[in-house]
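Biologist: Thanks for sitting down with me. Could we look at the model together and talk it through?

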Amino acid sequence: MAQSPQTVLKDLKAKKFAPIYFLDGDEPFYIDQITEYIEKNAIAEHERGFNQVVLYGKDSNVGLILNNARKFPMMAERQVVIVKEAQSLPDLGKEESQKLLINYSQNPLPSTILVFAHKYKKLDKRTQLSKELQKNAVYVTSDKVPDYKLTDWVIQYFKDIGHDIEPRAAQFLADAIGNNLEVMTNEVGKMLINFQEPTKFTIPDISKYIGINKDYNNFELLKAIGVRDAEKSNRIIHYFIQNPKSHPLIPLFALMYNYFSKLALIHQAKGATDDQIASLIGVPRFVAKEYLQSARNYKLGKVIDVFTYIKEADLRSKGVDSGSMTHGEILRELVYKILH
């Protein structure tokens, strides 16, 4: 059975190591975290020269990996064998290689820690290999954090690293960066260099240290659209057009689609309380009130029209029936249609 990345990291920090780790999934953040922790902490630094082997999938095969795993450590309690980019192993899909790995998983060498970092894709859970690894190894599937859970993830991440963040600032950060956790944590890490003591972060902090303009960003554009503020929407669009590299269209279209999807859910949940709405659309209660106001501004029929507008704009941004329109013109036309 697959374990959560958080549980595995907790066990590792308590020095509870297992003979085999198989880490897969389309979110590399936790795969990298677990792999890096084992690489840096499973054995002492002075023992790594003889007892730590790092292999790469495209340059390896299952037989080579298991030959290394079956070696005994030299003058140490254990050895570590790490297979990075394991998704590129040329023979992992072959029956013979899978049998070799299954047999090893059923009787692994206790003094070896064998780690497969299988990023950006998952094993087929129906295969015998997957079933045996889930039974005999520490198996972690690292999934992308859904957009509706991202604000909560940011809040928890700040707590985990010994800080705090206001819910609105967490939402601001989530909307601005999206669910690429590597980018998110890198940007937060740059900010934390300026803070030595535990701190509760606010929107001005995010704007100042991460460089997200607090007035001109995707978050503020959606808020302006939600309250039908055409003047503010156009100011933000003008800023985006002047800074196109910092404000690509595709992620913005995805945010718009998610935003209006929440409004559609609200229309379908007539009579629900604010708390029920907040739970339904996956946002804090204070944010749900803003969505409720937007739902009053956009009736269900209009929301359905907006989905069509976004799809048309997305196709045009990819060159379909766009003529000579620039990305800025596509965005401006889209927001005009939504507002009017």
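The conversation below turns to a predicted model, beginning with its sheet and ending with one serine.

Biologist: In which order do the five strands of the open sheet come?
Modeller: The pairing in this sheet is parallel. Its edge strands are β2 (52-56) and β5 (138-141), each of which pairs on one side only. Reading across the sheet, the order is β2-β3-β4-β1-β5.

Biologist: Which residue in β4 is the bridge partner of Phe-22?
Modeller: Let's start with the strands: β1 (residues 20-25) and β4 (residues 112-119) run parallel and are joined by six bridges. In β4, the partner of Phe-22 is Phe-116.

Biologist: What angle does the direction of helix α2 make with that of β4?
Modeller: Helix α2 (residues 28-41) packs on the sheet and touches β1, β2, β3 (79-84), β4 and β5. Its direction, compared with that of β4, makes an angle of about 155 degrees.

Biologist: Is Ser-97 buried or exposed?
Modeller: Happy to check! Ser-97 sits in helix α5, which spans residues 95-106. Its relative accessibility is 8%, and the cut-off for burial is under 20%. Ser-97 therefore counts as buried.

Biologist: With which side chain does the side chain of Ser-97 make a polar contact?
Modeller: Leaving aside neighbours within four places in sequence, Ser-97 is in contact with Val-62 and Asp-91. The polar contact between side chains comes at 2.8 Å, and the partner there is Asp-91.

Conventions: Residues numbered from 1 in each chain as written. Predicted model: local features only at pLDDT ≥ 70, side-chain atom pairs only at ≥ 80, totals over all residues. Heavy atoms only, no water. Helix = DSSP H or I, 4+ residues; strand = E, 2+ residues; numbered from the N terminus. Buried < 20%, exposed > 50% of the residue type's maximum accessible area, 1.4 Å probe, protein only. Polar contact = N/O pair within 3.5 Å; in protein donor to acceptor, adjacent residues only side chain to side chain. Contact = heavy atoms within 4.5 Å. Pairing = 2+ DSSP bridges. Axes fitted to C-alpha atoms, helices over the stretch in contact; angles between N-to-C directions.
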